[in-house]
Amino acid sequence: MKKRYLSLLLIVLISFRLSAQEWVVPAENGAKLSPFAFSDSTRKAGAVLFQTNCKSCHGDPGKNNAIALVPPPPDPASAKMQGNSDGALFFKLVSGKGPMPSFKNTISSTDLWRVISYIRSFNEKYVQQIAPKSGIAGAAENVKVLLTWSKETNQVQAVISAMKEKRIQPIAGAEVKLFAKRYFGNLLIDEARNTDAQGKAIFNFPKDLPGDSAGFVQLSARLTDDAAFGEAKADTTLAVGVPTYRPPLNEQRAMWNVVQKTPIWLLLAYIFTVLAVWSFIFYVLLQIRAIYKAGINKNQDTIDS
Amino acid sequence: MSSEVNTDFLHDKRLDAIAADLLRPVGISKGFLIWMGFLTISLMGCIYAYYIQWDKGLIVTGLRDYVSWGMYIANFIFFVATSLVGMLISSVLGLIGFKWVKPIARIAEIIAVAFAAVAGLVIVSDMGRPERLPYVFMYGRIQSPILWDVTVVTTYMVLSALLYFIPLIPDLAISKGRMGHQPKWLQATYEFLSVNWNHSSYQYKILLKAVRILLILIIPTAFAIHTVTSWLLAVTLRPGWDSSIFGPYFLTGAFVAGSAAVVIMMYFVRTNYKLDKYLTVYHFDMMGKLLVLVSIVYLYFNINEFLVPAYKLKTADAIHLHELFVGEHAMLFWSVQLLGLILPIILLLFKFFRKPFPMLVISIVVLVAAWFKRYIIVVPTQENPFLPKQFVPHAWMVYQPTVIETAITMGTILLAVIIITILFKLFPVIPIWEMAEEECSGEKDKHQE
Amino acid sequence: MSNSNKDTNNNNPQSDQNRGNSRRAFFKNFGLIGAATAAGGAAIYSGFKYEESKPNHDFVKVLTSDNRLVEVPRDSIKDIKVDVNRLQLQGREGLKGHRFVMVIDLSKCRNARKCISACQGAHHLRPYEYHINTLVMQESPNTAPYYMPKPCQHCDNPPCVAVCPVDATFKRQDGIVLIDNERCIGCRFCIAACPYSARMFHWEEPLMSVADKGKPYNIELNVPQKKGTISKCLFSSDRLREGKLPYCVSACPNGVYYFGDENQDAVTNGTTKVTHRLSELIRENGGYHLMPELGTKPRVYYLPPKNRLFEFKDVKDKTLEDQKT
């Protein structure tokens with residue numbers, strides 16, 4: 001019995017240690033608040049994002065069907081998860097740890113807040129606090145991102161501007177990231193840059209990134225701190241890539257391709273051989289007929305004679 | 001086959017004697033009915049086994065994802081192999097001009113027809129979706145060796161059937177008037193199949209021409225049929241199959257199996273039909289020599305097939321050869337090689353063992369070994385794939401044939417025996433007109449006893 | 001899809017047999033076909049059938065294939081059958097302009113086997129029926145053992161496709177090797193020809209053959225599975241069509257898999273969702289193909305198991321219990 005108590009104690013201690021060791025969120029980050037109020041539409045959008053990005057490990061909220069990992073991914077509806085402040089959840093989503101990936105570059109912070117709004121929908125006691133509007137965003141509206149490409153330097157330039165004091169002004173000191181759209185995700189180009197006094201950020205574009213057949217690449221520039229700027233981003237298609245046309249992989253005639261793409265020599269050899277052999281066979285069959293006919297005549301001959 | 005037929009024998013009394021001898025076994029006898037009844041009932045059991053497989057799927061066999069070809073494919077190769085002898089005896093030896101093959105040629109053709117016909121069914125027994133067989137013709141891919149195989153097996157079967165039937169025509173005509181005691185339907189069949197044959201020299205000329213075309217045509221076809229069958233294995237990348245000599249290796253092996261089958265049938269005809277006057281000790285002696293010859297050629301290819309990779313011992317080959325030489329399949333491998341190949345070569349060098357009865361025993365051993373040889377070619381290769389076999393039930397890693405599988409395989413063999421029995425009993429097994437022609441034209445070989 | 005959309009089934013001739021089970025699959029396919037037909041109106045349709053007889057210009061909401069909600073006049077709506085032929089056609093044609101590749105980072109694989117269960121769940125397979133399997137590998141006695149996930153390599157010179165007698169397995173323009181179990185005759189020549197042991201056969205009735213009965217056959221998902229036919233890894237081509245990563249790739253908790261398009265020189269990690277340059281990833285990590293000497297030209301790259309962050313633990317018993325016995 002004693003042993004059992006001891007082991008139980010040990011387990012409690014270990015789990016305590018584990019949770020105690022877990023993920024310390026800096027106070028500054030933990031206090032962060034969502035820039036917008038959670039609503040049905042944010043929860044709905046958050047649910048979709050959760051399905052595609054989180055469910056495979058965390059399972060369905062409230063169903064405790066997370067997969068077994070070490071440490072175990074907490075159920076979003078659990079007290080453990082809900083015990084986090086909004087800012088702490090946001091920090092964890094952005095930074096990631098161990099098996100938990102960082103979603104910094106893959107999901108925009110607006111979308112991350114939407115995921116948090118979805119997670120909070122499983123907590124009845126939750127009351128949201130919204131960040132006070134402040135900083136540039138407080139004054140800036142209609143943030144615009146303009147992307148251009150300079151062929152000589154092979155650089156993409158992003159110019160950020162916004163309505164400020166009723167006129168359009170460049171935004172300086174904002175962090176911008178440039179992505180190239182690929183089929184399954186966005187490829188970070190160069191690295192995050194801060195805008196200069198003219199609101200410009202310049203990215204070195206790789207010389208060998210494949211574009212479509214005319215070299216067009218869909219680019220997307222995003223302001224990193226979209227809590228401050230709202231969802232400011234620009235999607236532009238520019239001819240910055242290497243014109244790429246790769247023929248369909250099943251285009252050429254080959255042994256492994258479909259019957260319509262049989263190698264010509266094989267097709268001819270097959271048809272020729274089969275025809276040759278079978279024409280002889282038919283010839284032999286005709287000979288049997290000839291024997292039969294010869295028999296009729298001969299019989300008649302014998303009758304006549 | 002000579003280019004002209006001397007039709008003098010038609011008016012010779014000796015024809016009557018020969019025809020009487022050779023037609024004696026023809027017809028529905030009590031023994032035939034009992035034997036056929038036994039075969040049919042046994043076959044019913046096997047068909048029931050196939051019904052179970054049809055219903056439950058191939059799960060009832062010992063086949064699984066790793067060893068997905070087993071007894072059925074081995075059996076298929078065996079059938080194709082055995083059927084090849086028709087080409088060897090009547091065509092190659094006949095065209096060269098060996099007279100002693102004349103009474104044996106039809107036996108060889110019967111084996112060819114029966115085994116080629118059943119080979120098609122054997123391959124169906126291996127299919128997961130047998131009802132989709134027509135797809136092979138509807139959507140056939142010319143690049144697939146299976147399509148080539150279907151094409152050549154069909155062609156070979158037709159050629160063999162013609163080569164059986166056309167030289168039979170004069171016999172049917174000769175027999176017509178000599179089988180009053182036979183049932184009406186059999187006489188009608190003879191009448192119908194004899195296509196107005198009246199022994200005119202014109203008809204003989206056409207017949208010889210047709211047969212000559214067939215004899216030449218069947219040589220490349222027969223080579224193709226077994227080479228293509230060997231390619232079913234050789235076109236893959238697997239150790240043990242990935243071999244460039246698989247074509248000739250299979251072909252020569254086929255001659256061994258086929259010759260053995262012919263000897264067994266010869267012995268049966270000689271003793272059961274009391275035709276020892278036509279299938280003499282001399283014929284067995286010659287067949288014995290033929291068997292030694294083809295066995296030695298086959299041995300040569302065996303040495304090539306095993307010695308060369310065993311010398312280099314590439315990783316995958318080494319594992320495969322280890323299994324064969326000293327591993328799990330060593331017992332079977334060495335039995336097959338020694339009993340089915342080495343021992344017959346040594347024994348048949350002595351005249352005593354080329355006598356009918358010793359020949360029968362040796363041939364049975366050779367034929368059984370030939371079947372297991374195909375098994376040894378098909379199964380062990382798949383038990384040693386390139387990547388490890390893991391996280392599957394134990395039964396998936398090794399191949400253990402089941403009762404149902406064995407029964408279905410037995411069924412195909414029974415079916416071949418049924419076809420052979422019917423052809424043996426309904427039509428003369430030894431060509432009457434060729435025997436008579438030889439006898440009467442005084443060309444009969446002196447050494448016949 | 002909205003509630004009202006579901007009721008469209010009433011308009012569908014096949015709904016009698018397929019109702020319930022096939023509904024989800026049905027709509028998934030539908031979206032691809034084009035306008036997801038008669039939308040919400042169907043609820044009203046049953047209640048106000050008499051209105052059908054007179055010309056009307058009601059508008060109904062319809063969800064289009066590009067996820068726009070539009071209104072169309074009710075009388076312009078036509079029913080579309082769940083067109084298996086259409087599924088076959090698009091499945092055989094493949095996705096234009098793409099060449100899909102997978103990169104498997106062996107330094108991250110801990111044999112969690114989540115890829116396997118996700119795959120088996122999606123394709124209705126038993127625990128020992130694999131489209132993808134994770135193997136314990138050791139090249140030679142003194143080299144370090146490692147785990148190796150092994151899907152179909154989707155070779156550019158596929159030996160399995162070459163031997164198929166009926167075009168049941170084929171290679172698409174995007175590089176994916178698929179299997180059509182409506183065509184397969186079950187000869188298993190492809191199993192014999194594949195050096196990677198990547199193919200499986202349905203020796204018995206498939207796991208969910210009863211539940212799947214009557215569902216339209218989706219060649220890109222290979223569901224319903226059929227007894228007596230081959231099945232194999234499909235690179236989850238049904239997911240790719242929707243722009244999503246394969247089942248196994250997104251299920252991996254350890255970041256082992258990258259999946260992407262060679263034409264775009266980009267692969268996306270299934271766990272972190274971060275996109276990388278394919279060429280860089282291979283160059284920097286020494287990517288390689290499995291058994292390149294066989295000349296099969298696989299579309300799967302492996303990154304060697306170096307600098308592993310965990311200790312390798314061997315699996316003692318590498319057999320699975322047969323669930324049936």
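In this predicted model, B:His199 sits in the loop of chain B that joins helix 9 (184–193) to helix 10 (201–234). Its phi is near 65°, which is a positive value in a residue other than glycine, and B:His199 counts as buried because its relative accessibility is 16%, under the limit of 20%. Chain C offers a comparable case to examine: C:Ser236, in the loop between strand 9 and helix 9 (237–241) of chain C, has a phi near 45°, again positive in a residue other than glycine. With a relative accessible area of 5%, C:Ser236 is buried. Another backbone feature of chain C is the peptide bond from C:Val223 to C:Pro224, which is cis, with omega near 0°; C:Pro224 belongs to the loop that runs between strand 8 (199–201) and strand 9 (230–232).

Returning to chain B, we can follow its helices. Helix 2 covers residues 30–56, and for these 27 residues a rise of 1.5 Å a residue gives an expected span of 39 Å, which agrees with the 39 Å that separates the C-alpha atoms at its ends. Among the residues of helix 2 that are buried are B:Phe32, B:Met36, B:Leu39 and B:Leu43, together with B:Cys46, B:Ala49 and B:Gln53. The partners against which the buried residues of this helix pack are helix 3 (71–83), helix 5 (102–125) and helix 16 (403–426), which belong to chain B as well. After helix 2 comes B:Gly57, with a positive phi near 95°.

Helix 7 of chain B, residues 145–165, can be treated in the same manner: its 21 residues should span 30 Å at 1.5 Å a residue, and the end C-alpha atoms are indeed 30 Å apart. This helix is mostly covered, since 16 of its 21 residues are buried.

From single helices the view can be widened to the nonpolar cores. The largest of them holds 236 residues, and the residues with the most contacts inside it are B:Ile166 and B:Met287. When neighbours within four places in sequence are left aside, B:Met287 is in contact with B:Ile89, B:Trp100 and B:Ile104, with B:Ser259, B:Val262, B:Val263 and B:Met266, and with B:Met359. Apart from the largest core lies another, of 26 residues, which includes A:Leu178, A:Phe205, A:Leu209 and A:Ala221. In soluble globular proteins, nonpolar side chains tend to be buried together.

Chain A, to which these last residues belong, contains ten helices and eight strands. Of its 305 residues, 36% are buried, and its accessible surface comes to about 17800 Å², with 59% of that area belonging to carbon and sulfur atoms. Among the contacts in chain A with a separation of 6 or more, 55% are between residues 24 or more positions apart.

Two residues of chain A show such surroundings in detail. A:Phe38 lies in the loop between helix 2 (27–30) and helix 3 (40–53), and a relative accessibility of 12% is why A:Phe38 counts as buried. Not counting residues up to four places away in sequence, A:Phe38 touches A:Arg43, A:Asp86, A:Trp113, A:Ile116, A:Ser117, A:Arg120, A:Tyr126 and A:Gln128. The C-alpha atoms of A:Phe38 and A:Val127 are separated by 10.0 Å, although the two are 89 residues apart along the chain. A:Ser161, by contrast, is part of strand 2 (residues 155–164), and at 17% relative accessibility A:Ser161 also counts as buried. Beyond its neighbours within four places in sequence, A:Ser161 is in contact with A:Asn142, A:Val143 and A:Lys144, and also with A:Ile168, A:Gln169, A:Pro170 and A:Ile171.

The empty spaces complete the tour. A search of the whole structure finds 13 cavities of 30 Å³ or more, and the largest cavity has a volume of about 190 Å³. This largest cavity is lined by 17 residues, of which B:Asp65, B:Tyr66, C:Lys150, C:Ser197 and C:Arg199 are the closest to its centre.

The second largest pocket encloses about 1300 Å³ of space. Its lining has 48 residues, and those nearest its centre are B:Pro239, B:Thr315, B:Ala316, B:Asp317 and B:Phe386. Two or more lining residues come from each of helix 11 (246–272), helix 12 (281–312), helix 13 (315–325) and helix 15 (356–383) of chain B, and likewise from strand 4 (133–137) and strand 5 (146–150) of chain C. Helix 13 of chain B gives the largest share of this lining, seven residues.

Definitions and conventions: Residues numbered from 1 in each chain as written. Chains lettered and ligands numbered in written order. Predicted model: local features only at pLDDT ≥ 70, side-chain atom pairs only at ≥ 80, totals over all residues. Heavy atoms only, no water. Core = buried A, V, L, I, M, F, W, Y, C linked by side-chain atoms within 4.5 Å. Buried < 20%, exposed > 50% of the residue type's maximum accessible area, 1.4 Å probe, protein only. Contact = heavy atoms within 4.5 Å. Helix = DSSP H or I, 4+ residues; strand = E, 2+ residues; numbered from the N terminus. Expected span 1.5 Å × (residues − 1). Areas by Shrake-Rupley, 256 points an atom, 1.4 Å probe, with all protein chains shown as cover. 1 Å grid on protein atoms, 1.4 Å probe; cavity = no way out; pocket = protein on both sides within 12 Å on 5 of 7 lines; lining within 4 Å. Points joined across faces, edges and corners; volume = space filled by probe spheres on them.
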